[in-house]
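This report describes one structure for a reader who has not met it before. Please look at the sequence and the model first.

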Amino acid sequence: MLPNAVILILQETLEAALLIGVLLAVSTRVHDSKRWLPIALVSGGCVAAILANQMGIISEWFDYAGQELLNALFQTIICLAIALAVWLTATIDPLNPQPGKVAAFSHCAIIIIFCAVVREGQEIILYLGGFMYTENFQKVLTGGALGFSIGASIGILLFYSLVDHSGRERRTACLVLLALFAGNMLSQSTLLLMQIDWVTQSPPIWNTSTFVAETSIFGQLLYPLVGYEATPSPIQAAAYILGVTLVTGANFMPRYYPEKKKQQVQPVRGNDA
Amino acid sequence: MNRLIINRILFYFGLLLAIALSSISQAAPIIKIEIKDHLFYPSEFSVPANTKIKLLIINNDPTPEEFESYELNREKVIIGNSKAVIFIGPLSPGTYPFFGEFYPKTAQGKILVN
Amino acid sequence: MKSIRVFLVTTILAVVTLFSFISALRGYETSLEEVERMFDSQLAEKAKLIANINVQSVVRNVDSSDTAFQVWQGRNLIGSSDNASQTILGKLQPGFSYQNFEGYRWRTYSYYNTINAQWIIVAARQDIRFSLAENIALKAVLPAVIGLPILALLIWIVVSRGLRPMRRLAHELSDKQADDLSPLSIAVNSQELAQIVSSSNDLLARLKSSLLREKQFASDAAHELRTPISSLKVQLYNIRQEQPERNKEFGELQEISQQLEHVVEQILALYRTSPDEYHTRFEAIDLTSLAQQVIAEEYDNYERKNQQIEFFGQRQLILGDKFSLTTLIQNLLSNANKYTPNGGHIIVKIKRENDQVMLLVEDSGPGIPTHEHERLFERFYRVDGDSHASGESGCGLGLAIVKRIAELYDAEITLEPSSFASGTAFTLHFSAIIPVTLDSKQS
């Protein structure tokens, strides 16, 4: 029971901790208030509890495809919100942040963390709820505490190691992590669509399970961090690349297509002046 | 300028999704798996290769279970006393283990594809 | 703003958690494996035992239903425990495997007895076995989990203690008055902070000496300027008398020299008022009569701008020195006079408030926006720079001098909108003298 609880909760925590750590590190550049974090955590937790409670009904939607569709929706929203947040941070002037863009960034951060917490939270709640009132509850809770602490610790260390680096390095690291995360989300959402046969499954393009098995500790850590999959199908890989491109594109686009500054028209002086 | 490009990306993304979704699901053979006391029944069964299979999983336990398989890339929570549908395949011949992530010590099984 | 304490506590805790929990998990896994291996060898022992006692019938399981066994000879079940079914429990292959039957998952061991060609299959319920094994393994992990909050508390206390000298230093620095340039008196016994303290003390000393030099220079320069300015004035007066046809130009020149003299006097007043010189010469002074005197002296200025000036007050004694208080009132009043438009209103009020004497000067001028209040008392600062709407010239020293003198008396200056439609009210609170004899005189 225990190692299983550790892995299950660690994976879910790690995903959220990674996102929170990177977004916090990014937001130091934006100089926003960090109010979005508690808002997203609390609201996400509440909605996760409601969804976990109603999972029986949700699962039956669309001919037993409701669960997958809901999760795929959350994952797609996370991917798009990450791209938008990255675009905003790339265009915000850190010396003179535009209040509108800072507010928009906070909203993106709320959406990202909210969706992530709802997604992770409902699984944790269902899992722990199933063990409540059984003799295994203590073991599962212990395992959950272990998994949560390990995930949170990795998140904290990630945040401080990101913040410790200045400027360019930090931005590159954050961008890479966010891009991989967005790719991961999009690829997982196509997987969910395959699971309900909305997207046709095709044979995997490669099999790396001999190098890094998904069951190994390394594989278990890589899965939430970069979305490691030993046997991805071509559509999954394409979705992954799309997610990564979307986010990196959002970062570099403002550089090549800078916003047109409103030029002040110089008054033409008349001859009589 | 930016908005135009983002719009275009979103458009292509939507197009891709629409094409993917348009593949209408053909009637796939159904295999019923029942969960009772954190065990799968049947815990071992064979399916033909290169065929899409519809797994109908019925959880008779009051507690939720998560059907998971790394080899099949499948993961789905089935709450207590309810049923769920998972599509797998087409698969190449081989053995595909699956397990219940919430009770992995007992809920184990494998699919033999041949 | 990052907190060093939060950083240290969280990162140390994160590192410790990561290492202790991962090693606890490893410990858990190895002890689990160990116990399972032990159970497996017990199962094998059991199989061999059954082979030796040669069971020929259904045997009642005495104390437990979590193990079962069968004895097969070829295809015939020749003996079993009563909880075993008639179908074969495990594989006819020597060794361990897992099987599902009777609604449970079982660990089975198949043993082939070569002597009588019998298969002995022993099964133990996996869930019970695992639960037992896990209970043992859990004991290896629990201390680490329970210990973590205690560890967190200890780390917090240690880090807080370690940072205490730094907090004390920060406190001392923030408590320092703006004009207090005395060295830091904090005793530090840590290498890192000793450096900071000695560097700041160096800095303070240098700042103090340079301020002193500036003060000295300004007051010397002003003093040196006094003589040439007065001879300039005399000369100008003489020339004006001699050349009445250029009366206007010389009149203007005279006014400029008047202003020049004023600036120099103000600078001198500003630097002459240093605390140690003054308190020794303090005497009881009636603020009211002093204010009335100043108003009377400057009355021309109000008349010229057609301003109405009102005075309310009774005899109020404070401990002070006549020159500085006169300068203070003069500056406040000339400030009101300058920035109140023609036909405006000025009120001066002196009132006793408990053990304080309040001096209020309010005008119906344009008022001062709140964001300017802070800088208003800086030297050479003028609201809106030199383009003030009043068109008045000034050197921007007046209010700096007011503030400086107020500081000498520990008098608090407050700035508020006046009771008129617009305008500013300056209020100062001096501590009053409360001798019994004076009180009886007043009543």
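A patch, as the word is used here, is made of residues with over 30% relative accessible area and no salt bridge, and nonpolar side chains such as Val, Leu, Ile and Trp are joined within 5 Å. The model is a predicted one.

**A nonpolar patch on chain C**

C:V6, C:I150, C:L153, C:L154, C:W156 and C:I157 make a nonpolar surface patch of about 560 Å². Five residues of the patch come from helix α2 of chain C, residues 126–175, and this helix gives the most to it. C:I157 is placed in helix α2 of chain C. Its relative accessible area is 43%, so C:I157 counts as partly exposed.

**Chain A**

Chain A holds nine helices and zero strands. Read from the N terminus, its elements run α-α-α-α-α-α-α-α-α. Of its 273 residues, 56% count as buried. The accessible surface of chain A comes to about 12600 Å², and carbon and sulfur atoms hold 67% of that. Among contacts in chain A with a separation of 6 or more, 78% are between residues 24 or more positions apart.

One residue with such distant partners is A:P224, which lies in helix α8 of chain A, residues 217–226. Is A:P224 buried or exposed? With a relative accessible area of 0%, A:P224 is buried. Apart from neighbours within four places in sequence, A:P224 is in contact with A:Q11, A:L14, A:E15, A:L18, A:F181 and A:N184. From A:P224 to A:L18 there are 206 residues in sequence, while the C-alpha atoms are 8.8 Å apart in space.

Helix α3 of chain A, residues 55–64, has A:M55, A:G56, A:I58, A:S59 and A:Y64 among its buried residues. What covers the buried residues of this helix includes α2 (36–53), α4 (66–91) and α5 (99–131) of chain A, and also β6 (74–78) and β7 (82–88) of chain B.

**The two interfaces of chain B**

The size of an interface is often given as the accessible area lost when the parts come together. The table gives this area for each interface of chain B described here, with the share from carbon and sulfur atoms.

| Interface | Buried area | Share from carbon and sulfur atoms |
|---|---|---|
| Chain B and chain A | about 3600 Å² | 59% |
| Chain B and chain C | about 630 Å² | 58% |

The contact between chain B and chain A takes 36 residues from chain B and 39 residues from chain A. Two salt bridges are counted between these chains. B:K52 forms a salt bridge with A:D197, and their closest N and O atoms are 2.9 Å apart. Ten residue pairs are in polar contact across this interface. On the side of chain B that touches chain A, α1 (2–22), β6 and β7 each supply at least two residues. The largest share of that side is nine residues, and it comes from α1 of chain B.

Between chain B and chain C, the contact takes eight residues from each of the two chains. In chain B, the residues B:L39, B:K105 and B:T106 lose the most area to chain C, and together they make up 67% of what that side buries. Strand β2 of chain B, residues 39–41, gives the most to the side that touches chain C, with three residues. Across this interface there are zero salt bridges and zero residue pairs in polar contact.

Note on methods:
Residues are numbered from 1 along each chain as its sequence is written. Chains are lettered from A and ligands numbered from 1 in the order in which they are written. This is a predicted model: local features need pLDDT of at least 70, side-chain atom pairs count only at pLDDT 80 or more; totals for chains, interfaces and linings use all residues. Side-chain values use heavy atoms; hydrogens and water are left out. Patches are made of residues with over 30% relative accessible area and no salt bridge: like charges are joined within 9 Å, nonpolar side chains (Val, Leu, Ile, Met, Phe, Trp, Tyr) within 5 Å. Accessible areas come from the Shrake-Rupley method with a 1.4 Å probe; for residues, only the protein chains shown count as cover. A salt bridge is a side-chain nitrogen of Lys or Arg within 4 Å of a carboxyl oxygen of Asp or Glu. Helices (H or I, at least four residues) and strands (E, at least two) are DSSP runs, numbered from the N terminus. Buried means under 20% relative accessible area, exposed over 50%, partly exposed in between (1.4 Å probe, protein chains only). Contact means heavy atoms within 4.5 Å. Buried area is the accessible area (1.4 Å probe) that two parts lose on being put together, summed over both. A polar contact is a pair of N or O atoms within 3.5 Å; within protein, one must be able to donate a hydrogen and the other to accept it, and residues adjacent in sequence count only if both atoms are side-chain atoms.
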